[in-house]
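The following exercises concern side-chain contacts. Please work through each task before reading its solution.

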Amino acid sequence: MHSIYKFFDSLLDGKEKLLQIKKLDKFPFDKKLLSCVNSGIFPDLAIKINPQPSQLTGGELIELKDSVSYTVSSFNSTIPSRTKEISKIIQGENSIIKEQMEKAGDNIYSLPVRDVFYLVRGKKKTKVKVCLVHGSFFETTPIENLISQSFCSV
């Protein structure tokens with residue numbers, strides 16, 4: 001069964017390596033759990049969708065955030081949110097994501113709205129902190145308000 005819980009479990013299994021590797025995207029993620037792996041485009045990772053219906057459907061999208069401090073690096077590629085519509089993600093120049101997901105056997109449109117998680121790693125001298133955070137953590141303001149407020153003058 002594919003799910004964010006299995007993904008988290010695989011991170012725990014590789015905890016030592018997760019703390020030691022120089023770049024987070026070089027971690028040996030369990031490819032059997034993933035339908036796509038990318039660097040530089042959202043999402044960096046996607047969990048495969050479970051072929052049989054269950055409570056743990058899979059299909060979660062994961063963005064990697066790596067930092068040399070305890071500050072979360074900027075969100076350049078997409079505004080962080082709790083969910084994303086898959087149809088908006090796999091179009092245009094991101095069609096590579098669609099191709100990867102189809103090749104992995106995912107019925108992409110069977111789960112039109114996906115939960116988003118952020119795997120955040122921060123370093124401070126010899127200390128490393130790693131968190132798997134649901135996108136709702138970053139949604140302090142609804143996206144519509146955030147965008148309109150960014151164009152308002154104070």
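A residue counts as buried under 20% relative accessible area, as exposed over 50%, and as partly exposed in between (1.4 Å probe, protein chains only). The model is predicted: local features need pLDDT of at least 70, side-chain atom pairs count only at pLDDT 80 or more, and totals for chains, interfaces and linings use all residues. Residues are numbered from 1 along each chain as its sequence is written, and side-chain values use heavy atoms, with hydrogens and water left out.

**Exercise 1.** Determine which parts of the chain the salt bridge of Arg-121 and Asp-66 links, and classify both residues by accessibility.

Step 1. A salt bridge requires a side-chain nitrogen of Lys or Arg within 4 Å of a carboxyl oxygen of Asp or Glu. Arg-121 and Asp-66 satisfy this with an N to O distance of 2.9 Å.

Step 2. Arg-121 belongs to strand β5 (residues 113-124) and Asp-66 to strand β3 (residues 61-67), 55 residues apart. Strands here are DSSP runs (E, at least two residues) and helices likewise (H or I, at least four), numbered from the N terminus.

Step 3. Arg-121 has 0% relative accessibility and is therefore buried, whereas Asp-66, at 29%, is partly exposed.

**Exercise 2.** Classify the residues of the salt bridge between Glu-85 and Lys-88.

Step 1. The closest N and O atoms of this pair are 3.7 Å apart.

Step 2. Glu-85 has a relative accessible area of 39%, so this residue is partly exposed. Lys-88 reaches 54% and therefore counts as exposed.
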